[in-house]
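Colleague: I've got a structure open and I'm not sure how to read it. Could you walk me through a few features?

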Amino acid sequence: MLRPYRYDIAHGATQVTQGLQVGAVVGTFPEFGISMIRTGDVLELVGKAGAVTIERDVKALQPARHGQRLFVRSSDGEVLSVRYEDMMR
């Protein structure tokens with residue numbers, strides 16, 4: 001099984017390192033190529049309601065990637081289910 005990936009730091013992206021033939025089977029896409037929140041990451045939750053923007057520091061309780069939801073804990077202990085897209089590092 002091929003693993004034709006490498007992470008290009010300069011571009012912040014995963015790139016294919018070799019040509020692939022039609023029908024080639026490649027291994028699982030590596031995690032380093034996808035922006036990811038990890039358990040324990042300290043993040044900023046940003047919420048907007050009309051002209052009001054609310055920001056609060058939270059800690060991730062589980063890993064998540066773009067398009068997923070995750071549980072976070074706020075500084076006052078409240079556990080929230082939030083969208084990955086509402087997080088800022």
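Modeller: Sure. Keep in mind that this is a predicted model. Let's begin with S74, which is found in strand β7.

Colleague: Is S74 buried or exposed?

Modeller: For that you look at relative accessibility, and the cut-off for buried is under 20%. S74 has 4%, so it counts as buried.

Colleague: Which residues is S74 in contact with, leaving aside its neighbours within four places in sequence?

Modeller: Those are R56, D57 and V58. With R56 there's also a polar contact between the side chains, at 3.2 Å.

Colleague: What about V26? Where does that one lie?

Modeller: V26 is in the loop between β2 (13-16) and β3 (36-37). Partly exposed covers the range between 20% and 50%. V26 comes out at 28% relative accessibility, so it counts as partly exposed. Try finding P4 as well: it is 22 residues from V26 along the chain, yet their C-alpha atoms are separated by 7.4 Å.

Colleague: Now the strands. In what order do they sit in the open sheet?

Modeller: Trace them across: the order is β8-β7-β5-β4-β9, five strands with antiparallel pairing. The edge strands are β8 and β9 (87-88), as each of them pairs on one side only.

Colleague: How many bridges link β4 and β5?

Modeller: Eight, in the antiparallel sense. To see one position, look at V46, which stands opposite E55 in β5. β7 and β8 are antiparallel too, over five bridges, and L70 has V82 of β8 as its bridge partner.

Colleague: And what happens between β7 and β8?

Modeller: They form a hairpin with four residues between the strands, and G77 there takes a positive phi near 95 degrees.

Colleague: Which residues of β8 are on its covered face?

Modeller: L80 and V82 are on the covered face, while V79, S81 and R83 are on the uncovered one. Both L80 and V82 also belong to the largest nonpolar core, which has twelve residues, including L70, V72 and Y84. The elements giving two or more residues to this core are β4 (42-49), β5 (52-60), β7 and β8.

Colleague: Where in the chain is confidence lowest, and where is it highest?

Modeller: Check pLDDT for that. The lowest mean is 71, in strand β1 (residues 5-8), and the highest is 95, in β7. The chain averages 82, and 80% of the residues score at least 70. Where pLDDT is low, don't read the predicted coordinates in detail.

Conventions:
Residues are numbered from 1 along each chain as its sequence is written. Side-chain values use heavy atoms; hydrogens and water are left out. Buried means under 20% relative accessible area, exposed over 50%, partly exposed in between (1.4 Å probe, protein chains only). Two strands pair if DSSP finds at least two bridges between them. pLDDT is the predictor's confidence in each residue, from 0 to 100. A polar contact is a pair of N or O atoms within 3.5 Å; within protein, one must be able to donate a hydrogen and the other to accept it, and residues adjacent in sequence count only if both atoms are side-chain atoms. Contact means heavy atoms within 4.5 Å. A nonpolar core is a set of buried Ala, Val, Leu, Ile, Met, Phe, Trp, Tyr and Cys residues joined through side-chain atoms within 4.5 Å.
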